[in-house]
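Please open the model in the viewer and keep the sequence panel visible. The tour proceeds by selection, with a short account of what is found at each stop.

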Amino acid sequence: MLARRLACTSSDLAREIAAGLEAIGRRVGADRVLLLAVCPGGASLELLEQWSRLGAPYPVAELAADDHPWLLAQVAAARSTSFRAPSAIPGDAARERRFHVRYGPRSAAVVPIVTRGEPAAVLLVGMDRRERAWGRPTLGWLDRAASVLASALARKRAHDARVEAEARLRGVLEGAPDGLLLVRPGGRIELANGRAAEIFGRSAPELAAQRLQDVLAPEPDAPARPDARSIAALLAAGAPLRARAMRPDGSATPVEVTRRELRTPSGALVCCAVHDPGDMLAAREETARLRAELAFLGRTALVGEMGAGIAHELKQPLTAILGNAEAAQRLLARGGAVDLGELSETLADVVKETRRAADVIGRMRDLLRRRDVERVPVDLAALLQGVAGHFHEQAVALGVDLSVECAPRLPRVLGDPVQLEQVAMNLVMNALDAVAGRRDGPCAIAIRGRPAGPEGVDVSVRDTGPGLGDEALSHAFDPFFTTKPSGMGMGLAICRSIVEAHGGRLLARNNADAGATFEFYLPAAAPGAAGVPRRKPA
């Protein structure tokens, strides 16, 4: 009867094992039946399942070697044992005697359950309220019951391991960014993750009831094949495969499919990764949008840092405008004939200085304006000259020699001129901060532009400041790392992000003599390259 009860499906085994313990207890007239697992290393027994005639749970969930050395030694040797009363427990098992007097059972039979030649569990059948002698027929029947339980436990553990493996596999599948399908060689879909269900417009169970060749079709422009509906054709050599994911409503989504063959105990499987190109495009667009937003915030902070320099740069043309306007007023106030040539020259100076002030304001407006990111051929020589112009007055006021030197016929680069100007301005601003406080040597900043082979341009900003310490050199481009008392630590991180988005790299190093050099490389624009605006807010 016990064997028939435990010859059930794996999913029902836990319930039937509990019922089997009750059947054992009633068959031998016991008060309590315990099923205990042997823990790894045999250091303890852990309660798995129990039955009690009175319904009271056993008060101990684990039997440790410290309290049961004799019992665990019997289990390790796969020896069955029994005792009529605690006093009948062997003399070298004093701990077990005290334990059974306190917790029970008062009389018990202990039968190891062996699987694969090793004790895996213990069947303990006991009397809580009275003493009992365990006869040979009863112990023999319990040995046979233990053999049946051994088979059931092995099946249950295999089932639990399979369920756990499937749960881990499901977790891996659901965590994948692409749609994943596990497919039998004939095309039947065995398993689908949530992303695949979204791509194919079906729930995962609905998708798992389909054949791959019924939900995946070659692109219309793919070469015609006689077996175009076969799984072999859909998964022919050549990855990724361009195909269409067929939805229940008749619509189709372009996808790319890659495959990998898997060998499992239940047979071969094909893992198909279904990639929606729109996901990658959306991710790229979101990355570009965030990068542009970060660049804009960086320009805002940069203009804030340049406040004193901007004020100084505006002060000169405004002072000249005021002086020329007052001179014109004096000419007109003299009365009589006015020297038109002198007045014309004075007004021309007003116009020139007004335009100069407007240029300063215009440059600041361009830095602070949200605009579309562009990819146009950029003349780096002119851009670097303009950056030097931004800081000319500030450099003169600080006593810094600011120079620009660009190689003749410097190749153009394809990029966004405002963002590239932002990178150069950040580097020059940092260099000014580095050399401004120096009193014991030359204060100089050199901006250089030179070809880097036939395919790129190197731009460097070299200063004669104190250089970078080991920590600053290691973390210069880390977000929120700064050596400035009031700095945010985002300028260089933003610069590196911009340069890398343009396909380049940004590096820092200390000079052999004094100061530091920041250098970035950009790939040159292809001859005849035209600008392509990209609709992303900057």
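**First stop: strand β7**

Select strand β7 in this predicted model: G179, L181 and V183 point one way from the strand, L180 and L182 point the other way, and all are buried. The strand, which spans residues 179-183, is thus a mostly covered element, with five of its five residues buried.

Keep β7 displayed and add strand β12, residues 267-275. The two strands pair in the antiparallel sense, over five bridges. To see one place where they face each other, select G179 and look across to V274 in β12, which stands opposite.

Next, add strand β8, residues 189-192. How many bridges join β7 to β8? There are three, and these two strands also run antiparallel. Selecting V183 shows I189 of β8 standing opposite. Follow the chain from β7 into β8: the two form a hairpin with five residues between them. Within that turn, select G187, whose phi is positive, at about 110°.

**Second stop: the cysteines**

Select the cysteines and display their sulfur atoms. How many disulfides does the model contain? The count comes to zero. C271 is in no disulfide, and the nearest cysteine sulfur, belonging to C272, is 6.9 Å away. A disulfide requires sulfur atoms within 2.5 Å, so this separation does not qualify.

Is C271 buried or exposed? Its relative accessible area is 19%, and the limit for a buried residue is under 20%, so C271 counts as buried. Now select C39, which has a relative accessibility of 15% and counts as buried because that value is also under 20%.

**Third stop: S107**

Move to strand β5, residues 107-115, and select S107 within it. With a relative accessible area of 0%, S107 is buried.

Which residues surround S107, apart from its neighbours within four places in sequence? Display its contacts: they are F83, R84, V125, G126, M127, R130, E131, R132 and W134.

From that list, retain W134 and show its side chain together with that of S107. A polar contact of 3.0 Å joins the two side chains. The residues are 27 apart along the chain, and their C-alpha atoms are separated by 8.8 Å. Labelling both distances in the viewer, 3.0 Å for the side-chain contact and 8.8 Å for the C-alpha atoms, completes the tour.

Notes: Residues are numbered from 1 along each chain as its sequence is written. This is a predicted model: local features need pLDDT of at least 70, side-chain atom pairs count only at pLDDT 80 or more; totals for chains, interfaces and linings use all residues. Side-chain values use heavy atoms; hydrogens and water are left out. Helices (H or I, at least four residues) and strands (E, at least two) are DSSP runs, numbered from the N terminus. Buried means under 20% relative accessible area, exposed over 50%, partly exposed in between (1.4 Å probe, protein chains only). Contact means heavy atoms within 4.5 Å. A polar contact is a pair of N or O atoms within 3.5 Å; within protein, one must be able to donate a hydrogen and the other to accept it, and residues adjacent in sequence count only if both atoms are side-chain atoms. Two strands pair if DSSP finds at least two bridges between them.
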